[in-house]
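Please look over the sequence and the model below before reading on. The paragraphs that follow go from the whole protein to its strands, then to its helix and its charged side chains.

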Amino acid sequence: MTAEVIIASWPKNTRETLVVRLDIFRGQPIVDLRTWYGGDDGKLLPGRGGLTVSIRHLPALAEAIRKALEITGDLQFEALNGKPNQ
């Protein structure tokens, strides 16, 4: 891999976009999940909030996300307190 590959992106809110991408950092392949925001010129800029790990962590990350999906199932969580709706 020689250049950034955007795997997925979706709006987080009206000002920010979540981006999942593969890239090279200091010669090592990484996966980066980060919040991007619109700059003054309209181009997306990477925010400080995010997670960047070596691609060797992808299987563990995928398993953790699978477990989170399994646990939450069809439950609807309240945005403010993270507790299941009753």
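Accessible areas here come from the Shrake-Rupley method with a 1.4 Å probe. By that method the protein, which is a predicted model, exposes about 6900 Å². Carbon and sulfur atoms supply 58% of this area. Of the 86 residues in the protein, 15% are buried. Among the contacts with a separation of 6 or more, 10% are between residues 24 or more positions apart.

The protein has one helix and four strands. Along the sequence they follow the pattern β-β-β-β-α, with the helix at the end of that pattern.

The four strands make an open sheet, in the order E1-E2-E3-E4, and their pairing is antiparallel. Strand E1 (5-11) and E4 are the edge strands, as each of them pairs on one side only. On average, neighbouring strands of this sheet are turned by 25° against each other, direction ignored. Strands of a sheet pair through backbone hydrogen bonds, and this pairing can be either parallel or antiparallel.

Consider next how E2 and E3 are joined. These two strands pair in the antiparallel sense over 10 bridges. They form a hairpin with two residues between them. Arg 26, in the turn, has a positive phi of about 50°. Two pairs of residues help to place the strands against each other. Ile 24 has Pro 29 in E3 as its bridge partner, and Thr 17 stands opposite Trp 36, also in E3.

On to the next pair of strands, E3 and E4. Strand E4 (residues 44-54) runs antiparallel to E3, and eight bridges join the two. This is again a hairpin, with five residues between the strands. In its turn, Gly 42 has a positive phi of about 90°. One of the facing pairs here consists of Asp 32 and Thr 52, the latter in E4.

The helix, H1, has 15 residues. From its first C-alpha to its last it reaches 21 Å, which is close to the 21 Å expected at 1.5 Å a residue. Just after H1, Gly 73 takes a positive phi of about 50°.

The charged side chains come last. Side chains of opposite charge can pair when their charged atoms come close. A search of the whole structure finds seven salt bridges.

Where in the chain do Arg 66 and Glu 63 lie, three residues apart? Both are in helix H1 (residues 58-72), and because they are three residues apart there, about one helical turn separates them. These two form a salt bridge in which the closest N and O atoms are 2.6 Å apart. Both ends of this bridge are partly exposed: Arg 66 has a relative accessibility of 39%, and Glu 63 has a relative accessible area of 32%.

Another salt bridge joins the side chains of Asp 32 and Arg 21, at 3.1 Å from N to O. This pair links distant parts of the chain, with Asp 32 in strand E3 (residues 28-38) and Arg 21 in strand E2 (residues 16-25), 11 residues apart. Are its two residues buried or exposed? Asp 32 has a relative accessible area of 1%, so this residue is buried. Arg 21, at 13% relative accessibility, also counts as buried, because buried means under 20% relative accessible area. Asp 32 and Arg 21 also belong to a network of salt bridges that links them with Glu 4, Asp 23 and Arg 34.

A further salt bridge is the one between Glu 16 and Lys 12, whose closest N and O atoms are 3.9 Å apart. Lys 12 is partly exposed, with a relative accessible area of 47%.

Methods:
Residues are numbered from 1 along each chain as its sequence is written. This is a predicted model: local features need pLDDT of at least 70, side-chain atom pairs count only at pLDDT 80 or more; totals for chains, interfaces and linings use all residues. Side-chain values use heavy atoms; hydrogens and water are left out. A salt bridge is a side-chain nitrogen of Lys or Arg within 4 Å of a carboxyl oxygen of Asp or Glu. Buried means under 20% relative accessible area, exposed over 50%, partly exposed in between (1.4 Å probe, protein chains only). Contact means heavy atoms within 4.5 Å. Two strands pair if DSSP finds at least two bridges between them. The expected span of a helix is 1.5 Å times one less than its number of residues. Axes are lines fitted to C-alpha atoms, for helices over the stretch in contact, and angles run from 0 to 180 degrees between N-to-C directions.
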